[in-house]
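Open the model in your viewer and keep the selection box handy. We will move from one spot to the next, picking residues and looking at what surrounds them.

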Number of protein chains: 2
Amino acid sequence: MHCRIAARALTAAAALVGAFILPAATARGADTLRSWNTGPTKFAVLQFVRDVTTAGGADFVPPGERIAVFSHDGTLCPELPAPVELAFLMDRVKALAPKHPRWKSKEPFRSAIAKDLKRLAAAGTRGIMDLEGGVAAGMSAEEYEETVVHWLEKARNPRLARPYTQCGLLPMLELLDFLRASGFKIYIVVRGDAAFFRPWVENTYGVPPEQVIGSSVKTRYTLRKGTPVLIRRPEVDVLEDGPGRPQAIFRAIGRRPIAAFGNTDADLEMLEWVAGGEGKHLALLVHHTNGGNEFSYDRKGSFGRLDKAWDAARKRGWTIADMTKDWNRFFQKAGK
Amino acid sequence: MHCRIAARALTAAAALVGAFILPAATARGADTLRSWNTGPTKFAVLQFVRDVTTAGGADFVPPGERIAVFSHDGTLCPELPAPVELAFLMDRVKALAPKHPRWKSKEPFRSAIAKDLKRLAAAGTRGIMDLEGGVAAGMSAEEYEETVVHWLEKARNPRLARPYTQCGLLPMLELLDFLRASGFKIYIVVRGDAAFFRPWVENTYGVPPEQVIGSSVKTRYTLRKGTPVLIRRPEVDVLEDGPGRPQAIFRAIGRRPIAAFGNTDADLEMLEWVAGGEGKHLALLVHHTNGGNEFSYDRKGSFGRLDKAWDAARKRGWTIADMTKDWNRFFQKAGK
């Protein structure tokens, strides 16, 4: 612990020195990352990007191989009081419950009707995907997309009192911009249904729909009134849970990314896999320490338990972004 | 039939007129597509690209939504005497057979040992994926990739007497270039294991590994000598067969592409789905009519049976590229 603090102090000193010797790309990063306080965390990010983008340097990575993966809930935006997809599903289940009397006695629908977040959290990704299968079975892919977009227009994070599409954590939005400007291709990794996120992540995070990796329900290809459509079925197709994240990422893109960003134990294997690749890498954990501006939780968590991943990060020297120490702003002005 | 020919003659006349009035983007296309003969097929491609790229035009599609999907075997390269992945698998099975005495009496390994292409074709994608599972079980993702790359260095298409990485059909390579220059994002859709294609499609077709959509085997995430790796298991994960192509594409990218290129019945649903989307689209079938320069087959085919998709193309007015009529060169000079 004392060593760790000493090491941090040294790195902080290096950061101050570094401010005078970092090249142009890093200067741009320092400028873009305005919501990040000067210190070892910000320096680690700048140093990583400088190393992999310096042509001729020992750690140079060609642009096409600069792949970064970001967990969504709790990393790019708050996941409390409930992750955005679960908020959507609870609303949909409530609206459709009169037509599905059996849901009252069938999990996870019963917990969704009761808004029992504890049980829903325990049901995990399988629970989310069972709900996705239930609330949108028979819809075409396009109809489901419209339903999501329509819901997002009115839905609000109740604690933050703003649309979910404006809940992106500002320091993380800056980080996305900085990485993109540095030639990175960014993927968002979600636990639930990728189809839920794809219609809106481009506007919110600048990430196109095809760069979302997540679970899926099975679909049936058919002609409806002569038009070929994909109809959602109430069955899970691919289930992307925590330990399966490296597989899910590899299945989708066929490469090991060089940077990974997460905030819970569900991100442990993803961070470990990326940190274990050859060459330079960045594995960063967001630590929710700011109950005033956002939320505060770690080892016990609820949706976002940060326990094993926290120990791994400390043990292996992954970068930890402590919201209170490392960030000075949390959200864009509402309505922007 | 007569109507069809008359319509073609009219389109050909339009093409000649069009040559004088097409804007800059199309002029670039005409220049890039040098191996395509002037005529209705080339004109249909140029017209489509002009329509979706003309800002302010009724059919304009923003660059991010210009997605094109290409089937691999038989569309981007010859699939005879055997598709490249099957050639690899037959060689691997042969090399490993002494260690697996049971393969002699177990399909599809038995047919692979006997190089019985007819039976292997009948075993379809499931057969290919069973072989992929068998020949590389226990390998890490990286080891498998090395095996593929190593094999490709020496392997040759026996009829064309050139490396598989130099078997790309030149007119299709030009088409890839033209579409990319026109703001398209290109995906290659394969029947078999996406992991087989990903290590080499970027050099061969300019398509990065993450833009390959295909089947996969299950992998196991584990630490090997402290290094996190994905180990291939002898089990199919996602199976991407013909009728499932729209689902596979939608699972991977969450959108309906606006252009699709295929050559067999396995591409029927993909072409139909793309042709049935809203707005302008291009659905193109490659017709193998040139036994002298390449291969000649259609309704009976072997790996590439073009029967139902041929009828659909004729009935619905999809574009057909007849190798003999529409192309004047087939391959790049060997060794280039």
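Start by selecting Phe88(B), which is buried in this predicted model, with a relative accessible area of 1%. Now add Tyr144(B), another buried residue, at 2% relative accessible area. Both values fall under the 20% cut-off, so both residues count as buried.

How are the rings of Phe88(B) and Tyr144(B) placed? Their centres are 6.2 Å apart and their planes meet at 85°, so this is an edge-to-face pair. The two partners come from distant parts of the chain: Phe88(B) belongs to helix 4 (residues 84-96) of chain B and Tyr144(B) to helix 7 (residues 141-154) of chain B, 56 residues apart.

Keep Tyr144(B) on screen and add Arg232(B). The charged end of Arg232(B) sits over the tyrosine ring, 3.7 Å from the ring centre.

Next, hop to chain A and select Tyr144(A) with Arg232(A). Here Arg232(A) lies over the face of Tyr144(A), at 3.7 Å from the ring centre. Tyr144(A) also belongs to an aromatic cluster, so widen your selection: the cluster is formed by Phe88(A), Tyr144(A), Trp151(A), Tyr164(A), Phe196(A), Phe197(A), Trp200(A) and Tyr205(A).

From Phe88(A), turn to the helices. Colour helix 4 (residues 84-96) and helix 6 (residues 117-136) of chain A, which pack at an angle of about 65° with their axes 10 Å apart. The crossing of helix 4 and helix 6 of chain A is left-handed. To see what makes the contact, show side chains: helix 4 of chain A brings Glu85(A), Leu86(A), Phe88(A), Leu89(A), Met90(A), Arg92(A), Val93(A) and Leu96(A), while helix 6 of chain A offers Leu117(A), Leu120(A), Ile128(A), Leu131(A), Glu132(A) and Val135(A). Which classes of residue are in this contact of helix 4 with helix 6 of chain A? There are 11 nonpolar and three charged residues, and no polar ones.

Back to rings for a moment. Over all chains, the count comes to 28 aromatic pairs. For one of them, select Trp327(A) and Phe330(A): the ring centres are 5.8 Å apart and the planes stand at 65°, so this pair is edge-to-face. Trp327(A) is buried, at 3% relative accessible area, and Phe330(A) is buried too, at 7%.

Staying in chain A, find Asp51(A) in helix 3 (residues 40-53). Is this aspartate buried or exposed? Asp51(A) is buried, with a relative accessible area of 15%. Setting aside neighbours within four places in sequence, Asp51(A) is in contact with Asp59(A), Phe60(A) and Lys280(A).

Return to chain B and select Val207(B), in the loop between helix 10 (201-205) and strand 5 (212-224). Val207(B) is buried, with 0% relative accessible area. Not counting residues up to four places away in sequence, Val207(B) touches Arg180(B), Ile186(B), Ile188(B), Val201(B) and Glu202(B). Try the distance tool from Val207(B) to Lys185(B): C-alpha to C-alpha they are 8.9 Å apart, and they are 22 residues apart in sequence.

For the last stop, select helix 11 (residues 245-253) of chain B. Seven of its nine residues are buried, so helix 11 of chain B is largely enclosed by the rest of the structure. Those buried residues are Arg245(B), Pro246(B), Gln247(B), Ala248(B), Ile249(B), Phe250(B) and Ile253(B). Step just past helix 11 of chain B to Gly254(B), which takes a positive phi of about 70°.

Definitions and conventions. Residues are numbered from 1 along each chain as its sequence is written. Chains are lettered from A and ligands numbered from 1 in the order in which they are written. This is a predicted model: local features need pLDDT of at least 70, side-chain atom pairs count only at pLDDT 80 or more; totals for chains, interfaces and linings use all residues. Side-chain values use heavy atoms; hydrogens and water are left out. Axes are lines fitted to C-alpha atoms, for helices over the stretch in contact, and angles run from 0 to 180 degrees between N-to-C directions. Helices (H or I, at least four residues) and strands (E, at least two) are DSSP runs, numbered from the N terminus. A crossing is left-handed if the near helix is turned anticlockwise from the far one by less than a right angle, and right-handed if clockwise. Contact means heavy atoms within 4.5 Å. Ala, Val, Leu, Ile, Met, Phe, Trp, Tyr, Cys and Pro count as nonpolar, Asp, Glu, Lys and Arg as charged, and the others, Gly among them, as polar. Rings of Phe, Tyr and Trp (its six-membered ring) pair if their centres lie within 6.5 Å; planes under 30 degrees apart count as stacked, over 60 as edge-to-face and the rest as tilted. Buried means under 20% relative accessible area, exposed over 50%, partly exposed in between (1.4 Å probe, protein chains only). A charge sits over a ring if NZ of Lys or CZ of Arg is within 6 Å of the ring centre and within 35 degrees of the ring normal.
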